[in-house]
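Here are a few notes to read alongside the structure. Keep the viewer open and look up each part as you go.

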Amino acid sequence: TAIVHVVGARPNFVKAAPVVSALRGRGAHQAVVHTGQHYDDRMSAVFFRDLGLPEPDVDLGVGSGSHAAQTAALMVGLEKEFTERAPGAVVVYGDVNSTVAAALVAAKLGIPVAHVEAGLRSFDNTMPEEINRRVTDQLSDLCFATSPEAVGHLANEGIAPDRVHLVGNPMIDTLLANLDRFDADALRARLGLPERYVAATLHRPANVDDPDTVARLVARLHEIADLADVVMPVHPRGRAAFDRAGLGGHPRVRLLEPLGYLDFVALTRGAAAVVTDSGGVQEETTVLGVPCLTLRPNTERPVTLTHGTNQLVTEADLPQAVAKALDGRRDATAVDSTPPLWDGRSGERIAAVLTRWSG
Ligand code: UD1
Ligand code: UDP
């Protein structure tokens, strides 16, 4: 029987790549089901090309919708798919709606579920991802954790220790495997970017859904642009709101379409500082040693605060925090501050457990 990987949204692809590749190395029988939660070329296909991921075996084409509508459509599509394929195990990634939908469907069909990136907690249920994480972990037979805190959270929620494996961070496997492909100078030349710039990416509902919040953020980003050029690949969720609020109206703000993985990490690597609310970007900047200012009141990835370059900031404090980061940039290789097991071998560890377990 096959191991079926369920992926649907941008960060899923980056996490699945090393697991799929390590299982392929072990000759495992596997299939990739794309739910179609993300569907634009720049949110999806470009990642398969950049990462050499095999084309998905199927794309369910679920697309966008309200939480209930999207999750329901995901579940209907996945139930049919799992019933036909009868997988030996389903592997889910991260905290998006595709993740929780797949876990729920598989659990009810009696198919074992493995969750990659289990145990992260922001303790903030206003984030849809926090709800997805809690539910997914409760339903998972195997929980693969990226950090010791995550193991602790799972224990606190009564998840038996024999279900939990601390394996490190597969997103960082992908980063380390592609390090010599992130060419910041080439990207700068190709896009005509200045030597010094701040890279920004924002997509959390709390930052981009409310027009008043967006207007305040745009004012702050314009203040930052008075200090250094701001380059922002814009996630489709916030595109209309940022355009309406006039973000591109400042001469030193450069708005881009979402970038592919190799270009985006090159942009990050060459930046003097990064402004973000992304989960994955907090981790990648930690390993790249680039100062990261996270526009959120909390993070489910505190290891990036204690071992990395990440700092939580409010909208009001953002310009000052960027000014400070621009002055005192850390050395670009913060290797010895990398969290434990973020060593490029997590996919291999996960594959070892999965093959032993699915026998
Ligand atoms: C989703 C995840 C979030 C993750 C993010 C990664 C959930 C609840 N949220 O948020 O955790 O951090 O992906 O990027 O699963 N859209 C397009 N083209 C696309 C995809 C989306 O235009 O290819 C637009 C649509 O207007 C859509 C909106 O973006 O309604 C939101 O997409 P959705 O997948 O619902 O959530 P994200 O905000 O992308
Ligand atoms: N990313 C990308 N292009 C972009 C923005 C992000 O390739 O324009 C990558 C980023 O390097 C990381 C992943 O997408 O690998 C993070 O996804 P996202 O921020 O959408 O989701 P989150 O991590 O917040 O769930």
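1. Let's start with the overall layout: which residues does the domain assignment of the protein give to domain 1, and which to domain 2? Domain 1 takes in 3-169 + 342-358, while domain 2 covers 180-337. Bear in mind that you are looking at a predicted model.

2. Now for how the two domains sit relative to each other. Taken over C-alpha atoms, the centres of domain 1 and domain 2 are 26 Å apart. The domains do touch: 19 residues of domain 1 are in contact with 17 residues of domain 2.

3. Let's look at domain 1's side of that contact. Helix 1 (10-25) and helix 2 (45-51) each bring at least two residues to the side that touches domain 2. Helix 2 gives the largest share, with 4 residues. Sorted by class, this side of domain 1 has 9 nonpolar, 4 polar and 6 charged residues.

4. Next, find the ligand. Where does ligand 1 lie with respect to domain 1 and domain 2? Both domains give residues to the shell around ligand 1, so the ligand lies between them.

5. Stay with that shell for a moment. It has 19 residues, and the ones that come nearest to ligand 1 are Asp 40, Ser 64, Val 96, Asn 97 and Pro 236. Helix 1, helix 5 (128-139) and helix 11 (236-244) are the elements that each give two or more residues to the shell. So you meet helix 1 twice: it supplies residues to the side of domain 1 that touches domain 2, and it also helps to surround ligand 1. By class, the shell around ligand 1 splits into 7 nonpolar, 7 polar and 5 charged residues.

6. Time to zoom in on a strand. Is strand 11 (residues 273-276) covered on one face or on both? Both: Ala 273 and Val 275 are buried on one side, and Val 274 and Thr 276 are buried on the other. As a bit of background, side chains in a regular strand alternate between the two faces of the sheet.

7. What does strand 11 pair with? Strand 8 (residues 197-201) runs parallel to strand 11, joined to it by 4 bridges, and here Val 198 stands opposite Ala 273. Strand 12 (residues 292-294) also pairs with strand 11 in the parallel sense, over 3 bridges, with Cys 292 opposite Val 274. To get from strand 11 to strand 12, the chain passes through helix 13 (residues 279-288), making a right-handed β-α-β crossover.

Technical notes. Residues are numbered from 1 along each chain as its sequence is written. Chains are lettered from A and ligands numbered from 1 in the order in which they are written. This is a predicted model: local features need pLDDT of at least 70, side-chain atom pairs count only at pLDDT 80 or more; totals for chains, interfaces and linings use all residues. A residue is buried if 20 or more other C-beta atoms lie within 10 Å of its own, exposed if 12 or fewer, and partly exposed in between; C-beta atoms are placed from the backbone. Two strands pair if DSSP finds at least two bridges between them. A crossover is right-handed if, with the strands pointing away from the viewer, the path from the first strand over the helix to the second runs clockwise. Domain bounds come from an automatic or database domain assignment. Two residues are in contact if their C-beta atoms, placed from the backbone, lie within 7 Å. Ala, Val, Leu, Ile, Met, Phe, Trp, Tyr, Cys and Pro count as nonpolar, Asp, Glu, Lys and Arg as charged, and the others, Gly among them, as polar. A residue is near a molecule or strand if its C-beta atom, placed from the backbone, lies within 6 Å of it.
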